[in-house]
Amino acid sequence: MRYIFLLLLPLLLWSATVENLRWQNGESFLMFLTRVQLPDSIYYQADKEDQTLVEEIMSRVNYQILRDDNDAIEQILIPITDESQIHIFKKNEEYALEIIPIIYETKREAFTIEVQNSPHYDIYKQTGSSSLAHAFVNGFKNSLNFKTDLRKNDPIVMIYDQKYRLGKPFSMPDLQAAMVQMRGKKHYIYLNSDSDYYDEKGERVEGFLLARPVGNARISSRFTKRRWHPVLKKYRAHLGVDYAAPRGTPIRAAGSGKVVHAGYSRGYGNYIKVAHSDGYLTLYAHQKAFKRGIKRGKRVKKGQVIGYVGSTGISTGPHLHFGLYKNGRAINPLRVVKVTSKKLRGKQKTAFNKLRKNVNETIELHLAAKTPAQKRVNFENYCMVNKSTCKAVDADT
């Protein structure tokens with residue numbers, strides 16, 4: 001997963017050196033502290049919620065280390081979402097940890113291309129974004145056959161939101177709408193206000209649908225990427241949904257897939273990760289025990305029991321912490337784990353028709369203008385931090 005991430009200007013020193021690095025596959029936060037020769041008290045003295053959040057560091061995420069003239073570490077910034085980051089800093093000659101926001105702006109962008117090879121290849125070639133290419137193909141894959149019906153020079157239009165940090169793009173783009181013309185007929189998908197995609201008829205685009213992992217459980221904590229806690233006076237993130245349930249309650253796989261991890265960590269206790277189609281991954285934490293036979297490499301079906309509710313790891317009581325990830329990015333499970341009608345009706349349909357009309361007019365303008373794609377630049381070694389120097393480090397090391 002590639003998060004493009006830059007340092008906050010107010011936190012930096014004029015003569016600092018910045019290392020751009022990538023998180024090593026399989027490395028825990030405590031292993032990281034040992035490797036960079038920092039005390040593990042940074043972790044153990046943090047509050048329990050922040051200790052749990054370090055479990056969210058994704059493999060191969062880009063992070064930065066700021067060093068002074070004596071090569072001593074001044075600060076470290078590690079993203080956990082595209083809105084929040086772990087900040088390690090010196091406090092009274094000792095190191096401390098906090099969660100702070102990532103400051104960014106969002107821009108609405110669009111482009112038009114004519115197919116020459118395939119939608120995926122051409123979109124990636126023109127934009128440099130595999131996320132945009134995947135989003136387009138996944139949006140239409142259940143309704144259109146590109147191999148048989150798409151012709152050379154058929155037009156494609158995509159409208160998406162892109163986050164920017166210091167004038168440079170970072171994180172994954174969010175698809176807002178797309179159109180492809182095949183044999184003279186235009187086909188559309190739209191991101192509606194309920195965060196689901198719909199076609200031009202107002203019918204929901206079938207994607208990855210999940211089941212509730214714990215039946216009849218109470219939601220004790222909801223998903224939030226960045227929230228200011230008025231009492232603690234700090235930012236709080238909770239990258240999943242907590243289901244409070246009696247110890248031993250069965251936990252079911254929210255979707256069919258393959259178990260890619262079944263083990264223990266200090267923060268999540270006994271936890272399982274299941275990889276699904278289209279880049280989705282689900283996480284089931286704080287389990288009392290796993291169902292017999294559940295291990296890495298095991299294929300599971302939607303609704304199959306994989307474990308039992310417990311309170312292992314950093315937990316205040318029996319519950320399931322359920323996380324959902326798309327291409328390594330934490331997303332709100334409650335926006336996917338729900339039962340919705342496949343057709344919009346009433347006021348929802350009226351609002352959607354207005355959105356569709358406005359989007360279609362915008363798409364026609366881009367078609368007429370032949371809006372060119374903006375090539376995404378790989379700037380993992382990019383640095384613009386006051387007068388600091390940026391020491392590029394091979395991301396694969």
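This report describes the overall make-up of a predicted protein model and then turns to its salt bridges, one strand pair and one loop residue.

Because the model is predicted, local features are reported where pLDDT is at least 70 and side-chain atom pairs count only at pLDDT 80 or more, whereas totals for chains, interfaces and linings use all residues. Residues are numbered from 1 along each chain as its sequence is written, and side-chain values use heavy atoms, with hydrogens and water left out.

**Overall make-up**

The secondary structure comes to seven helices and 23 strands, where helices (H or I, at least four residues) and strands (E, at least two) are DSSP runs numbered from the N terminus. Of the 397 residues in the protein, 51% are buried; here buried means under 20% relative accessible area, exposed means over 50%, and partly exposed lies in between, with a 1.4 Å probe and protein chains only. The protein exposes about 19700 Å², of which carbon and sulfur atoms supply 49%, the areas coming from the Shrake-Rupley method with a 1.4 Å probe and, for residues, with only the protein chains shown counting as cover. Among the contacts (heavy atoms within 4.5 Å) with a separation of 6 or more, 64% are between residues 24 or more positions apart.

**Salt bridges**

A search of the whole structure finds nine salt bridges, each being a side-chain nitrogen of Lys or Arg within 4 Å of a carboxyl oxygen of Asp or Glu. Three of them are set out below, including the N to O distances.

| Basic residue | Acidic residue | N to O distance |
|---|---|---|
| Arg 67 | Asp 71 | 3.9 Å |
| Lys 163 | Asp 174 | 3.6 Å |
| Arg 329 | Asp 174 | 3.2 Å |

The side chain of Asp 174 meets that of Lys 163 in a salt bridge, and this pair links distant parts of the chain, with Lys 163 in strand β7 (residues 155–165) and Asp 174 in strand β8 (residues 168–182), eleven residues apart. Asp 174 also forms a salt bridge with Arg 329; since Asp 174 lies in strand β8 and Arg 329 in strand β22 (residues 329–331), the pair ties together parts that are 155 residues apart in sequence. Lys 163 is buried at 8% relative accessible area and Arg 329 is buried at 11%, whereas Asp 174, at 25%, counts as partly exposed.

Arg 67 and Asp 71 belong, together with Glu 19, to a network of salt bridges. Within that network Arg 67 counts as buried at 15% relative accessibility, while Asp 71 is partly exposed at 48%.

**Strands β4 and β5**

Strand β4 (residues 84–91) and β5 pair in the antiparallel sense over eight bridges, two strands being said to pair if DSSP finds at least two bridges between them. One of the bridge partners can be named, as Gln 85 is matched by Ile 100 in β5. The hairpin of β4 and β5 has two residues between the strands, and Asn 92 takes a positive phi near 55° there. Because six of the eight residues of strand β5 (residues 94–101) are buried, this strand is largely enclosed by the rest of the structure.

**A loop residue**

Arg 292 lies in the loop between β18 (280–290) and β19 (299–300), and Arg 292 is exposed, with a relative accessible area of 82%. Measuring from C-alpha to C-alpha, Arg 292 and Val 305 are 9.7 Å apart in space, and they are 13 residues apart in sequence.
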